[in-house]
Amino acid sequence: MSFSAQDNRFMARAIELAALGRYTTSPNPNVGAVLVQQGQIVGEGYHHQAGGPHAEVVALRQAGDQARGADCYVTLEPCSHVGRTPPCAEALVQAGVRRVIIAMQDPNPQVAGRGVAILTAAGIVVELGLMADCARALNPGFLSRMERQRPFVRLKLAASLDGKTALRNGASQWITSEAARADVQLQRAQCCAVLSTAATVLADGARLGVRPEQACQPITKLHDGKVRQPVRVVLDRQQRLTGQEPLFAQSGPIVLVYPQSSSHQPPAGATALRLPCTAAGFELPALMAALAEQQLNLLWVEAGAGLAGSLLQAGLVDELWLYQAARILGDQARSLVSMPELTSLQQAIELRWQDVRLLGTDLRLIAGLEN
């Protein structure tokens, strides 16, 4: 299907709008919409928060009567089911738009082609696939949950130039600069959940939440004026957390993962998730499936070398985010990832560079993994 330069311009605007919801839409996808009448934008909007109006509805309200006969550019197939809001596909039909250009089909089984069917049945011209790759990049977590039934996993590591995460005695605060830590706050804010271990929480006094005042740029707030806090998921195989740790002093949901056989009750302010567990640790695929069932799309992992290595070996990491400081800690310091010894280079985990940039005095390197 051939699209004009004008089509590309308006879809690019819809994608730009969709990205504005990246801090607030969870568990819903980021979606943007633009209504165009005779080459002029008459309405535009994006989905801000679950339970609030979808992008198409925001754009229709702004356009008013000018929506009739307009073209609608939307980054994701309009929904066709009744959830907390009415179906967007029917709203577009009632508004009398003449053409709908959709970047990509919604993989949600509740939608998946049904939105397009409603539009075409009403005589509306539907064109699909404009800037689809850009639209997919907006929602890696949502798409992963729908297509693979697990969250999209970003493994965050902070290390020295020689790949060390802490001194031999455990001292690690701070290897990286304030600029790197401010970027971490921003990335946490975009994720649905942060995964760590009880060992990390106890060793570092980790809170794992978002501290907006420390972020490197403003974080969009929810309708109530608060910053959305990610769910903090902590693997606590030995039930070591008591509720007195700094983790519990910060607001936001906490999930403690216990062995399936455990009857231990979590401290006040936390809920328990019980999963199969062996001497080697929790069954990580079962953990990912359970988090997907809780509608968690994008998972940010901040933990030690053990969990990092286990996730990599299990093929459960989609992106590795490495914050690397320009300092050397020596061969007695703690390593980045704990894995069994490899006996050939063919066993190495292969990555592909996606982004490299300078943050203060540190490098931030993002690499993707093929899973």
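This report walks through some packing, backbone and contact details of a predicted model.

## Two nonpolar cores

Let's start inside. In soluble globular proteins, nonpolar side chains tend to be buried together. Here, the largest nonpolar core has 42 residues. Met-11, Leu-35, Val-100 and Leu-119 are the ones with the most contacts inside that core. Helix H1 supplies its largest share, six residues. There is also a second, separate core of 35 residues, and Leu-157, Leu-275, Leu-287 and Leu-316 are among its members.

Take a look at Leu-35. Once you skip residues up to four places away in sequence, Leu-35 touches a run of partners including Ile-41, Val-42, Leu-60, Ala-63 and Val-97. The list isn't purely nonpolar in name, either: Gln-40 and Asp-71 are on it too.

## Aromatic rings that pair up

A pair of aromatic rings is described by the distance of the centres and the angle of the planes. How many aromatic pairs turn up in a search of the whole structure? The search finds two.

One is Phe-10 with Tyr-73, a tilted pair with 5.5 Å centre to centre and 45° between the planes. Phe-10 sits in helix H1 and Tyr-73 in strand E3 (residues 71-74), so this pair ties together parts that are 63 residues apart in sequence. Both of these residues, Phe-10 and Tyr-73, are buried. Phe-10 has another partner as well: the charged end of Arg-9 sits over the Phe-10 ring, 4.5 Å from its centre.

The other pair is Trp-300 with Trp-321. Their ring centres are 5.5 Å apart and their planes meet at 75°, so this pair is edge-to-face. Trp-300 belongs to strand E14 and Trp-321 to strand E15 (residues 319-324), which links distant parts of the chain, 21 residues apart. Trp-300 and Trp-321 are both buried.

## Arg-232, a charged residue on the inside

Is Arg-232 buried or exposed? Arg-232 is buried, because its relative accessible area is 0%, and buried means under 20%. You'll find Arg-232 in strand E9. Its C-alpha atom is separated by 6.2 Å from that of Leu-195, although the two residues are 37 apart along the chain.

What does the Arg-232 side chain reach? One target is the backbone oxygen of Arg-207, at 3.0 Å. Another is the backbone oxygen of Gln-250, at 2.9 Å. Leaving aside neighbours within four places in sequence, Arg-232 is also in contact with residues including Val-194, Leu-208, Leu-247, Ile-254 and Val-255.

## Gln-229 in its loop

Gln-229 lies in the loop between helix H8 (198-204) and strand E9 (231-235). Gln-229 counts as buried because its relative accessible area is 16%, under the 20% cut-off. Its side chain reaches the backbone nitrogen of Val-210 at 2.8 Å.

Beyond four places in sequence, Gln-229 is in contact with Gly-209, Val-210, Gln-250, Ser-251, Gly-252 and Pro-253. If some of those names ring a bell, check the contacts of Arg-232, which include Gly-209, Gln-250, Ser-251, Gly-252 and Pro-253.

## Backbone surprises

Most residues other than glycine have a negative phi, and most peptide bonds are trans. A few spots here go the other way. A cis peptide bond joins Ser-26 and Pro-27, with omega about 5°. Pro-27 is in the loop between helix H1 (5-18) and strand E1 (32-37).

Leu-208 has a positive phi, near 70°. This residue is in the loop between H8 and E9, and at 2% relative accessibility Leu-208 is buried. Gln-295 also has a positive phi, near 65°, and it lies in the loop between helix H9 (284-293) and strand E14 (298-302). At 42% relative accessibility, Gln-295 is partly exposed.

## Helix H10 and an annotated stretch

Which residues of helix H10 (residues 305-313) are buried? They are Leu-307, Ala-308, Gly-309, Leu-311 and Leu-312. These buried residues pack against several elements, among them strand E6 (152-159), strand E8 (193-197) and strand E18 (362-369). After H10 comes Gly-315, with a positive phi near 70°.

An unreviewed UniProt entry lists residues 253-304 as "domain: Ig-like". In the model, that span is 19% helix and 40% strand, and its end C-alpha atoms lie 22 Å apart.

Definitions and conventions. Residues numbered from 1 in each chain as written. Predicted model: local features only at pLDDT ≥ 70, side-chain atom pairs only at ≥ 80, totals over all residues. Heavy atoms only, no water. Helix = DSSP H or I, 4+ residues; strand = E, 2+ residues; numbered from the N terminus. Buried < 20%, exposed > 50% of the residue type's maximum accessible area, 1.4 Å probe, protein only. Polar contact = N/O pair within 3.5 Å; in protein donor to acceptor, adjacent residues only side chain to side chain. Contact = heavy atoms within 4.5 Å. Core = buried A, V, L, I, M, F, W, Y, C linked by side-chain atoms within 4.5 Å. Phe/Tyr/Trp six-rings, centres within 6.5 Å; stacked < 30°, edge-to-face > 60°. Lys NZ or Arg CZ within 6 Å of the ring centre and 35° of its normal. UniProt positions renumbered as here; feature names shortened; annotations may be inferred.
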